[in-house]
Amino acid sequence: MTIAPQEEEDRMPLRSTSSRGAPRVAHTFRKGVPARLRLPREAARRRWSVVGLVVALVVAVVACSSAGSPGGAETSPAPATGVNALPEVKDNPPAPKPEPISVSELPLPPVTANIAPGGCTTAINPRGTGCIGQSVGLQSGGYLPDGRTVSATVSFAGAPAAPDPTSIYSGSQIIIVKTDGSTFPNGDAWKCVTCGLPVGNQIGRNEALDYPQPFNDGKRILAGTNIIDCGSAKIAEPGCTPDQVHMYPIRFNDTADGSGKGGNIRELRLNPDDVHLGFNSFTFSNDAIGQFGYLGRLTFNPNPTTGTPLAPRYDITSVTRLFDTAADRQNVYVDPAHLDQLKINPKAVSVGELRGFSKDGKEVAYIGYPEESSNIDVFAADLTTGKVRRLTANPEYTDPMDLSPDGNWTVAMDTRGSDRQEFVAGMRGVPPITDLVTPGAISSIRNNGPRRFFQPILIDRYGDRGTYQGQQINAAGDGSPGAINDPNWNGMADPRWSPDGTAVVYWQALAVAPACGGANPLKCETSTELGGRTARMMIARFTSRKPQPARTVAPISDTVPWGTPYVPGSPIPTRPYPPAGSYTLAGAKTGSAAITITENAAKTAIDTVAVRYTNFSDDGLRTLNGTEKVTAAAPSITVSKLDWYSDLTQTGITLSTKKTSPDGFHLTIDLMVNDFQATGTMITIVDGHVYHQPENSM
């Protein structure tokens with residue numbers, strides 16, 4: 001599966017002007033997901049004609065199992081039997097009631113509008129500890145083990161030239177920030193960890209410092225492809241001074257003899273055992289971008305003799321590619337006993353992009369092959385057994401996420417509420433057949449260039465079900481400019497749980513040109529933040545929760561039985577796909593789908609997928625009829641083009657249609673900048689609610 005490049009938002013350019021200086025105050029609320037988050041519609045809106053008494057019984061079951069009684073105890077679910085119970089409801093406990101959440105903003109360094117040398121004056125920062133610009137370069141990170149301090153990346157600006165001692169506060173740096181209102185000994189609520197490092201302490205360092213993730217020992221931080229190490233001192237303590245800090249590069253060996261600079265890796269995620277590292281690596285073949293996820297062991301090499309840099313570094317050893325090339329281990333494959341039939345295995349492990357780990361280190365979280373057509377979700381797989389669970393199911397797009405310390409909650413940045421993806425994914429229960437060619441383009445619809453549509457959503461372990469679609473963490477604001485739920489302030493990667501499970505830190509960025517202003521119908525908003533900055537770091541406190549004890553995580557195994565041991569220098573595999581031909585997919589309950597797959601001229605990838613559904617149903621509750629055909633092309637290695645024809649009708653517990661205009665829907669999207677350009681239309685109607693595609697460049 002090809003997945004579009006993720007999370008370039010953490011390095012996107014930001015700019016705005018100042019109008020008001022006061023930060024927003026905390027908001028406390030007991031709200032659930034706003035009214036716009038009404039999904040899935042099969043549980044939220046019903047029609048009584050057509051499905052009659054069966055629907056009435058389904059509604060009763062769903063209401064009992066997922067809705068709490070206003071002002072009182074939650075109703076227990078009615079017994080669920082046969083066709084009258086939605087599987088996602090009857091197989092899971094009742095949905096949790098909304099809980100109180102207090103959201104406030106965390107401090108950042110002072111802002112200077114003048115980013116030229118000397119622009120950070122003593123009038124702006126009397127302590128001489130640096131300034132950031134309105135374009136903050138912010139990315140919040142994880143908690144240090146003290147539970148009161150979080151890591152972040154910022155870009156310092158306006159520092160005077162050397163030899164002024166404050167010249168060290170310049171460029172992209174790692175800071176740590178107090179979350180409890182306290183300060184460091186100098187009076188700042190933040191401390192720069194990497195400012196002023198001696199040259200000899202950072203030989204071979206890599207420039208990118210994204211996704212800053214503290215180790216549980218409190219002495220190290222993973223940032224980009226570097227590990228920042230304060231030796232015997234803990235980073236949050238006064239003894240951690242620049243002369244004590246070393247920055248060691250991380251190297252992934254990709255040659256048989258260990259030579260060269262190593263392979264390119266991205267989206268690194270630290271396993272909670274402090275020993276293992278998850279990461280992703282792009283592939284470029286057959287005129288397309290691909291990607292695999294990996295797990296390896298961090299091994300300190302104080303004196304390397306091969307490869308570069310020849311300086312103390314961390315090598316990634318005992319690497320496993322989180323992928324099995326066997327055809328029957330894919331999500332869609334040909335039935336070996338019936339070569340004219342396709343099988344779908346929603347529980348196959350399909351790590352499209354690794355996104356993190358459970359807090360016991362035993363599960364890997366990832367964006368996977370869709371379980372429902374065009375619905376990009378996050379899954380978790382046990383690193384030993386390969387058992388898969390679906391963490392999100394809403395038709396909107398999910399990507400940045402974090403699992404709670406007790407494993408019972410997910411906090412996810414999700415586009416739900418924006419209706420951004422509903423035109424293509426709003427019809428539920430459609431098998432993921434056209435997804436053999438569409439995920440790269442579909443996943444790129446989630447953004448409009450530098451604008452994100454993410455908001456932080458709290459979801460319990462059992463996921464979206466019935467009317468329960470999680471709880472929007474920052475729903476309680478009034479939506480005005482600068483409010484905690486201002487739709488122009490969008491959530492970014494990655495939200496992070498506190499060690500005791502009572503809080504989540506996340507960050508937001510204000511929509512800026514060209515995603516607003518100019519020819520774009522959305523007007524650019526003037527920042528209300530201190531100094532007019534266009535990024536901010538937030539903390540959500542779950543005020544009714546009791547702190548959990550600190551977790552001790554034992555090292556996980558180097559071996560992933562369902563993965564493939566990585567041999568440096570070996571050929572990069574290709575993901576198997578059903579070969580060209582005509583197939584039948586049987587519905588689990590009724591009907592079938594007739595499928596035709598066409599390969600490209602080079603026979604290196606699928607070119608076209610065409611499907612005809614006849615009374616198709618996997619759950620016995622929704623019946624699908626109609627046709628869908630998608631042809632994929634790649635005008636360049638980063639651009640995806642889809643020619644899409646859809647005429648689908650779904651009856652049963654929902655009345656839904658998904659139709660393209662007579663001349664089809666033709667989408668061209670650059671996977672690197674997410675610029676949506678389409679001709680023709682695709683419209684999905686779910687129980688009377690009409691979903692249109694975004695406007696071009698919107």
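Reader: In the hairpin of strand 40 and strand 41, which residue takes a positive phi?

Author: Asp-687 takes a positive phi near 50 degrees in that hairpin, where 2 residues lie between the strands. The model described here is a predicted one.

Reader: What makes strand 40 and strand 41 a pair?

Author: Two strands pair if at least two bridges are found between them. Strand 40 (residues 682–686) and strand 41 (residues 689–692) are joined by 4 bridges, so they satisfy that condition, and they run antiparallel. Within this pair, Ile-685 stands opposite Val-690 in strand 41.

Reader: Why are strand 23 and strand 26 said to stand at the edges?

Author: The open sheet in question has 4 strands in the order 23-24-25-26, with antiparallel pairing. Strand 23 and strand 26 (471–472) each have a single partner strand, so one side of each is left without a neighbour in the sheet. Strand 26 is joined to strand 25 (residues 455–460) by 2 bridges, and these strands run antiparallel. In that pairing, Gln-472 of strand 26 is the bridge partner of Ile-457.

Reader: Why is Met-401 called buried?

Author: The term applies under 20% relative accessible area. Met-401 has 2% relative accessibility, so it counts as buried. This residue lies in strand 23 (residues 398–403). Leaving aside neighbours within four places in sequence, the contacts of Met-401 include Arg-355, Ala-365, Val-378, Leu-391 and Pro-495. Between Met-401 and Ala-365 there are 8.6 Å from C-alpha to C-alpha, although the two residues are 36 apart in sequence.

Reader: What makes Ile-168 count as partly exposed rather than buried?

Author: Partly exposed covers the range between under 20% and over 50%. Ile-168 has 32% relative accessibility, so it belongs in that middle class. Ile-168 is found in the loop between strand 6 (149–156) and strand 7 (171–178). Not counting residues up to four places away in sequence, Ile-168 touches Gln-173, Cys-195 and Gly-196. The C-alpha atoms of Ile-168 and Cys-195 are separated by 5.4 Å, with their positions 27 residues apart along the chain.

Reader: Why is the pair of Phe-252 and Tyr-294 called tilted?

Author: Rings pair if their centres lie within 6.5 Å, and planes under 30 degrees apart count as stacked, over 60 as edge-to-face and the rest as tilted. The centres of Phe-252 and Tyr-294 are 5.6 Å apart and the planes stand at 55 degrees, so the pair is tilted. Phe-252 lies in the loop between strand 12 (246–251) and strand 13 (266–270), and Tyr-294 in strand 15 (residues 288–301), so the pair ties together parts that are 42 residues apart in sequence. Phe-252 and Tyr-294 are both buried. Ring pairs link these two residues with Phe-279 and Tyr-566 into a cluster. The whole structure holds 18 aromatic pairs.

Reader: What makes the contact of Glu-353 with Arg-266 a salt bridge?

Author: The cut-off is 4 Å between a side-chain nitrogen of Lys or Arg and a carboxyl oxygen of Asp or Glu. The closest N and O atoms of Glu-353 and Arg-266 are 2.7 Å apart, so the condition is met. Glu-353 lies in strand 19 (residues 353–357) and Arg-266 in strand 13, so the pair ties together parts that are 87 residues apart in sequence. Both Glu-353 and Arg-266 are buried. Asp-402 and Lys-359 also form a salt bridge, with their closest N and O atoms 2.7 Å apart. Asp-402 and Lys-359 are buried as well. A network of salt bridges links ten residues by name, among them Arg-266, Glu-353, Lys-359 and Asp-402.

Reader: Why is Asp-647 described as partly exposed?

Author: Asp-647 has a relative accessible area of 40%, which lies between the limits of 20% and 50%, so Asp-647 is partly exposed. Lys-659, at 35% relative accessibility, also counts as partly exposed. The side chains of Asp-647 and Lys-659 meet in a salt bridge of 2.4 Å, N to O.

Reader: Which residues have the most contacts inside the largest nonpolar core?

Author: They are Ile-473, Ile-595, Tyr-613 and Leu-667, in a core of 60 residues. Strand 34 (residues 606–617) gives the most to this core, with 5 residues. A second, separate core of 25 residues includes Leu-138, Trp-507, Ala-535 and Met-537.

How values were computed:
Residues are numbered from 1 along each chain as its sequence is written. This is a predicted model: local features need pLDDT of at least 70, side-chain atom pairs count only at pLDDT 80 or more; totals for chains, interfaces and linings use all residues. Side-chain values use heavy atoms; hydrogens and water are left out. Buried means under 20% relative accessible area, exposed over 50%, partly exposed in between (1.4 Å probe, protein chains only). Contact means heavy atoms within 4.5 Å. Rings of Phe, Tyr and Trp (its six-membered ring) pair if their centres lie within 6.5 Å; planes under 30 degrees apart count as stacked, over 60 as edge-to-face and the rest as tilted. A nonpolar core is a set of buried Ala, Val, Leu, Ile, Met, Phe, Trp, Tyr and Cys residues joined through side-chain atoms within 4.5 Å.
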